[in-house]
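Welcome to a quick tour of this chain. Have the sequence and the coordinates open, and let us start with what faces the solvent.

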Amino acid sequence: MSTASFLPAASRARRRPGLRRLAAWLAANACDPRAGLWLVIGFAAAHAVLWTLILINLKAAQDVHMDVAEAFAWGQKFQFGYGKHPPLSGWVAGLWFKVFPVADWATYALAMTTLGCGLVISWLIALHVVDRRRAFFVVTMLALYPIFNFKGFKYNADLLQLVTLPLVVLVYLNALEKRSVKSGLWLGLAGALALMTKYWVLTMIGAIGLSALLHPDRLLFLRSPAPWVAIAILAVAMLPHLWWLREVDFVPLTYAGDVYGLSNRAQSIQLVFGYIGHNLALLAIPVALAALALAWRPLSWPALTRRPSAWFMHNWSRGANTAVNLPQARNIWIIQAIVAIGPPLGGVFFTVYMKTDWGISLFFLTPLALAAIPALRMQKMALFHLAVIWLAITLAVLAASPWIAAKEMAINPNGAATYGARSELARELTVAWRTRFRSRWAVVAGTTEMSEPLAFYSPDHPAPFTPGEVWSSGLTSLEEAKRLGFIGVCDTTDGRLPICEAWMKANGKDAEQLTITTQRFFKGRPGPAITWKVYIAPPAR
């Protein structure tokens with residue numbers, strides 16, 4: 001036979017050596033105990049940097065979200081609580097902005113750094129459950145989960161849970177394995193850290209507790225010092241916050257009841273279905289892309305035509321799988337099932353206003369729960385395929401992000417909440433205050449949506465005060481506002497305008513009244529022109 005008959009196959013082989021070497025390098029490093037950690041840290045850092053750049057472009061026509069501005073304001077004064085929530089999200093923001101400038105890009109960098117840390121901790125969790133190859137696959141799946149990219153643009157207590165809750169799961173798995181005093185100490189501290197983020201973490205802590213009780217090794221765990229040391233340390237670590245709760249008459253609970261309590265069960269059921277649909281849609285994206293990466297395999301078209309299932313069947317096999325630690329996998333399956341089913345059922349039973357954002361912190365274990373299915377077989381090339389999918393999507397979104405931002409503004413040019421120029425207003429009001437009083441602007445009064453962004457964007461960073469708010473953040477008070485003077489702002493596009501005006505007139509009788517209009521232009525397109533009613537109340541003499 002002539003050697004010419006082998007040329008087409010040889011030619012095809014030569015076209016792929018670079019890709020195969022790259023895939024082999026990725027798989028080797030992912031499976032290497034020393035290189036694996038640095039690979040994951042490098043991946044998480046690259047994800048954070050790229051998506052920070054994307055968000056800077058995507059949000060260039062907007063001011064930062066109110067939640068981000070609120071966290072910044074909380075961080076200006078370290079307390080054991082801030083009215084609505086425990087203090088950790090404010091503390092982290094306060095420390096971050098001691099290092100980084102108060103600028104839009106720094107808020108997106110904070111959000112992506114938070115998620116990058118969550119990716120690394122999730123990888124450490126996965127190492128307790130699956131082999132290193134699957135662990136890196138899980139991390140890449142999470143990077144494709146919209147919560148870790150598009151939806152993760154705003155730093156707040158919900159987003160910070162993607163660090164503290166994975167940390168709780170990680171130390172729980174460690175405590176279940178070691179059952180020592182030291183492991184219990186870390187579990188208690190991690191639980192306290194999570195509770196200092198948001199009380200919603202009780203859903204995950206409860207799921208972990210139920211998982212421990214349902215686990216086959218529950219008696220060994222309960223007879224060890226680990227769970228009891230954890231409970232004791234958690235209680236001691238929470239004492240300062242519990243004291244604060246008592247001092248403020250438990251206002252966070254008042255906030256939760258006032259804002260999220262419903263009397264209409266039909267409305268509650270509707271919101272629960274919306275919550276379920278929203279979170280299933282978000283999870284469908286990484287699951288579908290992971291399935292594509294697993295299924296991708298060189299097959300001839302005739303074979304595919306005869307048997308389309310061949311794309312997928314080669315990834316499944318019965319029998320033992322040493323790549324999965326079944327006892328720990330059961331923990332992940334139980335925890336994920338409980339936090340997936342429990343909150344919607346609780347929302348219906350207690351007629352709660354279920355926000356879709358409450359699912360942000362609850363499904364980071366789903367990729368691991370799927371990767372830990374013993375029948376699933378994962379080829380080395382699957383890692384490379386999924387990493388390529390992640391990189392292609394990320395770079396495509398980065399290239400398209402300026403166009404997407406302009407397109408969004410063109411579709412909704414009059415969106416006052418999204419495109420209102422509060423940053424410009426903050427700078428104008430700072431100049432107005434300094435011109436009149438030759439001092440720092442100390443207090444801004446208005447709705448939360450109004451005062452928090454002004455506190456962020458003004459160079460003076462005045463303390464926000466929300467009139468009539470029972471769950472006050474404690475950053476300032478009405479008495480302090482009157483003593484130091486304040487600028488009150490009412491948004492003429494807000495339905496609460498009459499209430500705002502009435503409060504300003506009652507509490508700022510000597511205030512100078514101004515009307516200011518601001519408008520943002522982005523890439524030649526005008527945003528909404530919004531008129532603000534401004535009340536400049538002078539300091540007390």
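The chain exposes about 24900 Å², and carbon and sulfur atoms supply 66% of that area. Please keep in mind that this is a predicted model. Buried residues account for 51% of the 541 residues.

**Overall shape and fold**
- The secondary structure of the chain adds up to 25 helices and seven strands.
- The radius of gyration is 27 Å, close to the 24 Å that the globule rule gives for 541 residues, so the chain is as compact as a globular protein of that length.
- Taken along the principal axes, the box filled by the C-alpha atoms comes to roughly 100 × 65 × 45 Å.
- Of the contacts between residues at least 6 apart in sequence, 77% join residues at least 24 apart.

**How far to trust the model**
- The average pLDDT of the chain is 91, and 94% of the residues score at least 70.
- Confidence is highest in helix H6 (residues 104-127), with a mean of 98, and lowest in helix H1 (residues 7-15), with a mean of 48.
- Over residues 1-7 the pLDDT stays under 50, and the model has one contact beyond four places in sequence for this stretch.
- Residues 9-13 also have a pLDDT below 50, with zero contacts in the model beyond near neighbours in sequence.
- Where pLDDT is low, the predicted coordinates should not be read in detail.

**Helix H25 and its two sides**
- Which residues of helix H25 (residues 497-507) are buried? They are Leu 497, Cys 500, Glu 501, Trp 503, Met 504 and Asn 507.
- These buried residues cover an arc of only 165° around the axis, which puts them on the same side of H25.
- As background, an α-helix has 3.6 residues a turn, so residues three or four places apart point the same way.
- Pro 498 and Ile 499 are exposed on the other side of H25.
- The cover over the buried residues of H25 includes three strands from different places in the list, E1 (443-445), E2 (463-465) and E7 (530-537), along with helix H24 (478-484) and strand E3 (486-491).

**The disulfide and other cysteines**
- How many disulfides does a search of the whole structure find? It finds one disulfide, which joins Cys 490 to Cys 500 with an S to S distance of 2.0 Å.
- Cys 490 lies in strand E3 and Cys 500 in helix H25, ten residues apart.
- The link of Cys 490 and Cys 500 is left-handed, with -85° about the S-S bond.
- Both ends fall under the 20% cut-off for buried residues: Cys 490 counts as buried at 1% relative accessibility, and Cys 500 counts as buried at 13%.
- Cys 31 counts as partly exposed at 34% relative accessibility, and Cys 117 counts as partly exposed at 38%.

**A look at Asn 174**
- Where is Asn 174 found? Asn 174 sits in helix H8 (residues 157-178).
- With a relative accessible area of 18%, Asn 174 is buried, because buried means under 20%.
- Leaving aside residues up to four places away in sequence, Asn 174 touches His 128, Arg 179 and Ser 183.

How values were computed: Residues are numbered from 1 along each chain as its sequence is written. This is a predicted model: local features need pLDDT of at least 70, side-chain atom pairs count only at pLDDT 80 or more; totals for chains, interfaces and linings use all residues. Side-chain values use heavy atoms; hydrogens and water are left out. pLDDT is the predictor's confidence in each residue, from 0 to 100. Helices (H or I, at least four residues) and strands (E, at least two) are DSSP runs, numbered from the N terminus. Contact means heavy atoms within 4.5 Å. Buried means under 20% relative accessible area, exposed over 50%, partly exposed in between (1.4 Å probe, protein chains only). The arc is that of the directions from the helix axis to the C-beta atoms. The radius of gyration is taken over C-alpha atoms; the globule rule is 2.2 Å times the number of residues to the power 0.38. Accessible areas come from the Shrake-Rupley method with a 1.4 Å probe; for residues, only the protein chains shown count as cover. A disulfide is a pair of cysteine sulfur atoms within 2.5 Å.
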